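Work through these exercises with the model open beside you. Try each task before reading its solution.

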Amino acid sequence: MQRTTLKLSPRTLIPIALIALALAARFVPGPRTIDDSYITFRYARNILEGNGFVFNPGQRVMGTTTELYTLLMTGLGVLAGGPQADFPWIALAVNALADAGTALLLWRIGRRAGFELAGILAGLAWGVAPYSVTFAIGGLETSLYVFLLTLAVWAHLTRRGWLTALAAALALLTRPDALILLGPIALDWLARGFRHKEQRVCLREILIFALPVLAWLVFATLYFGSPIPHSV
């Protein structure tokens, strides 16, 4: 009987190494919850307990600036024990996967630009960057936020308009300062559409971006009285 051996090409090893490094750098230390993560977890727990989207039951105050991350924690909490869900570990799992995804996207962006080695090194650097790891194990939304922004950039470079719009909308719902990067992307995106007379495509992508953002703005205005967080 002949023994078959599994041979992995360098192109296959690169993503495996990037993912393994990012996951190990976060799961080895484990959760070390910090700062605003407690706010997010408390909002999620109150939603699961039936108290509504509130920090204190009975007080509809918009006190979080990361509504998407809060709703994500809530949704995953339903599957992981309800109000008693271990949110620090849920957040760590989400953040570790998001950071691994960001490392892969950095590699792909570098490869598309013709500088694959630079992309690999950027992915490796992100995988072990002290602040990247600190925010990930701390339970903050930073990892998801950076992943969505990086996804928007990669999708824009590869001319995946619908994915650019969706990633941009989700990034904005994760943190409002996403506009700093999304603004230049949007200008180039619109210029490209009009330059090549792709108005229909632009309209479709504008709707993909606008609908989730407008849905949240309407809900927040009706529920909290204003979509602007009190911390702002």
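**Exercise 1. Place R26 and describe its surroundings.**

Start with the element. R26 belongs to helix 1, residues 10-27. Helices here are DSSP runs of H or I with at least four residues, strands are runs of E with at least two, and both are numbered from the N terminus.

A note on the source: this is a predicted model, in which local features need pLDDT of at least 70, side-chain atom pairs count only at pLDDT 80 or more, and totals for chains, interfaces and linings use all residues. Residues are numbered from 1 along each chain as its sequence is written, and side-chain values use heavy atoms, with hydrogens and water left out.

Next, accessibility. R26 has 0% relative accessibility, so it counts as buried. Buried means under 20% relative accessible area, exposed means over 50%, and partly exposed lies in between (1.4 Å probe, protein chains only).

Now the partners. The R26 side chain comes to 3.4 Å from the backbone oxygen of W126. Setting aside residues up to four places away in sequence, R26 touches a list of residues including L92, D99, W126, S132 and I137. Contact means heavy atoms within 4.5 Å.

**Exercise 2. Classify the ring pairs F53–F224 and F219–Y223.**

Begin with the rule. Rings of Phe, Tyr and Trp (its six-membered ring) pair if their centres lie within 6.5 Å; planes under 30 degrees apart are stacked, over 60 edge-to-face, and the rest tilted. By this rule there are eleven aromatic pairs.

Take F53 and F224. Their ring centres are 5.6 Å apart and their planes stand at 90 degrees, so this pair is edge-to-face. F53 sits in the loop between helix 2 (37-48) and helix 3 (67-79), and F224 in helix 10 (residues 199-224), so the pair ties together parts 171 residues apart in sequence. F53 is buried at 5% relative accessible area. F224 is buried too, at 13%.

Take F219 and Y223. The centres are 5.1 Å apart with 20 degrees between the planes, and the pair is stacked. Both residues lie in helix 10, four residues apart, about one turn of the helix. F219 is partly exposed at 33%, whereas Y223 is buried at 17%.

Put the rings together. Y43, F53, F55, W216, F219, Y223 and F224 form one aromatic cluster.

**Exercise 3. Which rings have R42 and R175 over them?**

Apply the cut-offs. A charge sits over a ring if NZ of Lys or CZ of Arg is within 6 Å of the ring centre and within 35 degrees of the ring normal. R42 lies over the face of F55, 4.1 Å from the ring centre. For R175, the charged end is over the ring of Y145, at 5.3 Å from its centre.

**Exercise 4. Find the buried face of helix 3.**

First, the length. Helix 3 has 13 residues and spans 19 Å from first C-alpha to last, close to the expected 18 Å. The expected span is 1.5 Å times one less than the number of residues.

Second, the buried set. E67, Y69, T70, M73, T74 and G77 are the buried residues of helix 3. Seen down the axis, they fall within an arc of 165 degrees, so they line one face of the helix. The arc is taken from the directions between the helix axis and the C-beta atoms.

Third, the other side. The face turned away from the buried side carries the exposed residues V78 and L79. After the helix comes G81, with a positive phi near 115 degrees.

**Exercise 5. Summarise the chain.**

Count the elements. The chain has ten helices and zero strands. Check the extent. The C-alpha trace spans about 65 × 50 × 35 Å along its principal axes. Add burial. Of the 232 residues, 41% are buried.

**Exercise 6. Where do D35 and R159 lie, and are they buried or exposed?**

Recall the background. Most residues other than glycine have a negative phi. D35 has a positive phi, near 30 degrees. D35 lies in the loop between helix 1 and helix 2. D35 is exposed, at 53% relative accessibility.

Now R159. Its phi is positive, about 60 degrees, although R159 is not a glycine. R159 lies in the loop between helix 7 (142-157) and helix 8 (161-174). R159 is exposed, with a relative accessible area of 53%.

Definitions and conventions:
Polar contact = N/O pair within 3.5 Å; in protein donor to acceptor, adjacent residues only side chain to side chain.
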